[in-house]
Every structure is written in C-alpha cells, then in structure tokens.
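The following account leads the reader through one protein structure, step by step. Please keep the sequence and the model in view while reading.

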Amino acid sequence: MTTAHGPFDATLGPVYRAMRGVAVVAISHHQAATADGVPLAGVIHHGLDVESVPVGRGNGGYASFLGRMSPEKGPREAALVARAAGVPLRMAAKLREPGEREYFDAQVKPLLCADVEFLGELGCTEKLELVGGSFALLNPVQWASRSVW
C-alpha cells in the first residue's frame, strides 16, 4: 500500500497509473476525484489518532505554521499574514529537498525577523508542543479552494 500525499499531476499521475498490485490511498475526496485512471483503494483522511493528541493551552503568545517548505503549503503567506497582523509566528517545516531550500532562501528567509522565527523540522512531540502553545495555526494553503476533506 502507498498513500499519495501530493497531487495526481502530470509528474506523479503516470507513476501511480503504472503501479500494479499496489493499493493506492488518497488523503481526501477532492484528491481522489483528480486521480484520473489511478486505481484507488480508498480515501483515508489521516492516520492520526486524535485521542492521543493532547489539548494545547494556546498560551504561548504566538501563532504557528507547520508544514512543508513549499509554495503550496503557504509558509511565505503565513509569515506575511503574521507580520501584517503584528503577531509573532513560529514556523516549523520540512526543508530537505533542493527545491524546498531554494524556495526558503528566496521567499521565506528574507521575511524572518525577531517576530517571525523558523525552527526547522520538528519531531512529533515538538510539533504537538508548538501547535498546542500557539493561539492560532496559520495554514494558508495555495491550491484550489474546494474542501479537501
């Protein structure tokens, strides 16, 4: 089994269509609707056991961004929104691929300041602490506005 976390676009669509004997799972009904010719085994929204996630207090005095360092996830927009609102932002994001590094260096790094902090990539416990301490999670994704869930 494999879970498709990205779009069934011109790059990955042919790969998924060529898979034989592998169950392909989509992460949303919207994503599944774009899987032209990809034999999907089903939709699983996420594998997170919500009962295992502690409820945060939201008393850290900051907003947070958690995602991948890519234009689609909107880290640049999160930084711009936080700066415009005058609130501190703590950002954590995957930053391993060359394209992610290029995007970060060109679009996000110039926005970093005392109130917009990049923490790097965090482990599970640290992610929960980051989000649990924030009064808001900024998630300004940059794709079609249809509901993905």
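Across which strands does H3 lie? The model, which is predicted, shows helix H3 lying across S4, S5 and S6. Its direction makes an angle of about 175° with that of S5. Before this arrangement is examined further, an overview of the protein is useful.

The secondary structure consists of five helices and seven strands. Followed along the sequence, these elements give the pattern β-α-β-α-β-β-α-β-α-β-α-β. The C-alpha trace spans about 50 × 40 × 25 Å along its principal axes. Of the 149 residues in the protein, 28% are buried. Among contacts between residues at least 6 apart in sequence, 67% join residues at least 24 apart.

The strands can now be considered sheet by sheet. One open sheet is made of three strands in the order S1-S2-S3, and its pairing is parallel. Strand S1 (2-4) and S3 are the edge strands, each of which pairs on one side only. From one strand to the next, the twist averages 30°. S1 is joined to strand S2 (residues 24-26) by three bridges, and the two strands run parallel. As an example, Thr2 has Val24 in S2 as its bridge partner.

Val24 also leads to a residue outside the strands. Pro39 touches Val24 as well as Tyr16, when residues up to four places away in sequence are not counted. Pro39 belongs to the loop between helix H2 (29-33) and strand S3 (40-43). Is Pro39 buried, partly exposed or exposed? Its relative accessibility is 44%, and Pro39 therefore counts as partly exposed, since this class lies between the limits of 20% and 50%. A further distance helps to place this residue: the C-alpha atoms of Pro39 and Leu128 are separated by 34 Å, and the two residues are 89 apart along the chain.

The other sheet is also open and has parallel pairing; its four strands follow the order S6-S5-S4-S7. Its edge strands are S6 and strand S7 (136-137), each pairing on one side only. S4 and S5 pair in the parallel sense over six bridges. Within this part of the sheet, Gly67 stands opposite Ala93 in S5. Helix H5 (residues 124-133) packs on the sheet and touches S4, S5 and S7, with its direction at about 145° to that of S4.

How, then, are the helices turned towards their surroundings? In helix H3 (residues 75-85), the buried residues are Pro75, Ala78, Ala79 and Ala82. These residues cover an arc of only 95° around the axis, and so they are on the same side of H3. Among the elements that cover them are strand S4 (63-68), strand S5 (89-94), H4 and S6. After H3 comes Gly86, which has a positive phi, near 75°.

Helix H4 can be read in the same manner. Its buried residues are Glu100, Tyr103, Phe104 and Val108. Because these residues fall within an arc of 100° when seen down the axis of H4, they line one face of the helix. On the other side of H4, Pro98 and Glu102 are exposed. The buried residues of H4 pack against S4, H3, S5 and S6.

Aromatic side chains provide a last point of view. A pair of aromatic rings is described by the distance of the centres and the angle of the planes. How many aromatic pairs does a search of the whole structure find? The search finds two. The rings of Phe8 and Tyr16 have centres 5.3 Å apart and planes at 75°, so this pair is edge-to-face. Phe8 is buried, with a relative accessible area of 9%, and Tyr16 is buried as well, at 11%. Phe104 and Phe118 form a tilted pair, with 4.9 Å from centre to centre and 40° between the planes. Since Phe104 lies in helix H4 (residues 98-108) and Phe118 in strand S6 (residues 116-118), the pair ties together parts that are 14 residues apart in sequence. Phe104 counts as buried at 5% relative accessibility, whereas Phe118 counts as partly exposed at 21%. Another ring is accompanied by a charge: the charged end of Arg90 sits over the ring of Tyr62, 5.0 Å from its centre.

Definitions and conventions. Residues are numbered from 1 along each chain as its sequence is written. This is a predicted model: local features need pLDDT of at least 70, side-chain atom pairs count only at pLDDT 80 or more; totals for chains, interfaces and linings use all residues. Side-chain values use heavy atoms; hydrogens and water are left out. Buried means under 20% relative accessible area, exposed over 50%, partly exposed in between (1.4 Å probe, protein chains only). Contact means heavy atoms within 4.5 Å. Rings of Phe, Tyr and Trp (its six-membered ring) pair if their centres lie within 6.5 Å; planes under 30 degrees apart count as stacked, over 60 as edge-to-face and the rest as tilted. A charge sits over a ring if NZ of Lys or CZ of Arg is within 6 Å of the ring centre and within 35 degrees of the ring normal. Two strands pair if DSSP finds at least two bridges between them. Axes are lines fitted to C-alpha atoms, for helices over the stretch in contact, and angles run from 0 to 180 degrees between N-to-C directions. The arc is that of the directions from the helix axis to the C-beta atoms.
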